[in-house]
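Hi,

Here is the structure I said I would pass on to you. Have a look at it first, and then read my notes underneath.

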Amino acid sequence: MAQNTPMTEAMYYLLLALLRPAHGYRLMQQVSEASGGRIAMGAGTMYGLLSKMEKEGLIALEKQDERRKTYALTDTGREALRAEYQRLRALVSDGEKMEVDRL
């Protein structure tokens with residue numbers, strides 16, 4: 001992932017959920033909880049993103065048993081999440097400076 005490329009909402013919430021290692025079903029629950037129920041991630045979307053993020057070095061398989069795989073953030077993944085968080089904060093701050101809430 002390019003340094004300053006914005007993340008998709010699904011990718012951001014999935015990395016956010018992976019602040020604590022988890023398996024697929026739990027990740028779907030954590031994304032829903034973190035987003036206040038706004039995002040209901042389907043299995044296909046989630047596993048596609050997990051595969052992509054693993055290839056990009058953002059996450060790694062922590063353990064695997066017969067029924068499930070548990071994923072965790074890598075240092076690169078933590079840095080990408082931190083950078084996206086800061087980018088989003090800057091967007092909100094800029095909107096507040098322009099008094100967007102008065103619209």
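Below is what I found, beginning with the sheet and moving on to the helices and the core.

One thing to keep in mind from the start: this is a predicted model.

**The sheet**

There is an open sheet of 3 strands, in the order β1-β3-β2, and the pairing is antiparallel. β1 (22–23) and β2 sit at the edges with a single partner strand each, so one side of each has no neighbour in the sheet. As for the packing against this sheet, α3 lies on it and touches β2 and β3. The direction of α3 makes about 110 degrees with that of β2.

If you want to zoom in, try the pairing of β2 (residues 59–64) with β3 (residues 69–73): the two run antiparallel and are joined by 5 bridges. To get from β2 to β3, the chain goes through a hairpin of 4 residues. Two pairs are handy for finding your way around here. Ala60 is opposite Ala72 in β3, and Leu61 has Tyr71 of β3 as its bridge partner.

**Two helices that cross**

Next, look at α1 and α4. Their axes are 10 Å apart and they pack at an angle of about 125 degrees. An angle between 115 and 145 degrees counts as oblique, and α1 and α4 are therefore oblique to each other. Their crossing is left-handed. On the α1 side, the contact is made by Tyr12, Leu15 and Leu16, while α4 brings Gly77, Leu81, Glu84, Tyr85 and Leu88.

**The core**

What holds the centre of my attention is the largest nonpolar core, with its 23 residues. Which of them touch the most other members? They are Leu14, Leu15, Leu27, Leu50, Met53 and Ile59. At least two residues of this core come from each of α1 (9–17), α2 (24–34), α3 (43–55), β3 and α4 (75–97). The most come from α1, which gives 6 residues. As background, nonpolar side chains tend to be buried together in soluble globular proteins.

Met53 is a good place to start clicking. Setting aside neighbours within four places in sequence, Met53 is in contact with Met11, Leu14, Leu15, Leu58 and Ile59. Among these, Leu14, Leu15 and Ile59 are also on the list of core residues that touch the most other members.

Cheers

Notes: Residues numbered from 1 in each chain as written. Predicted model: local features only at pLDDT ≥ 70, side-chain atom pairs only at ≥ 80, totals over all residues. Heavy atoms only, no water. Pairing = 2+ DSSP bridges. Core = buried A, V, L, I, M, F, W, Y, C linked by side-chain atoms within 4.5 Å. Buried < 20%, exposed > 50% of the residue type's maximum accessible area, 1.4 Å probe, protein only. Contact = heavy atoms within 4.5 Å. Axes fitted to C-alpha atoms, helices over the stretch in contact; angles between N-to-C directions. Parallel < 35°, antiparallel > 145°, perpendicular 65-115°, else oblique. Left-handed = near helix turned anticlockwise from the far one by under 90°.
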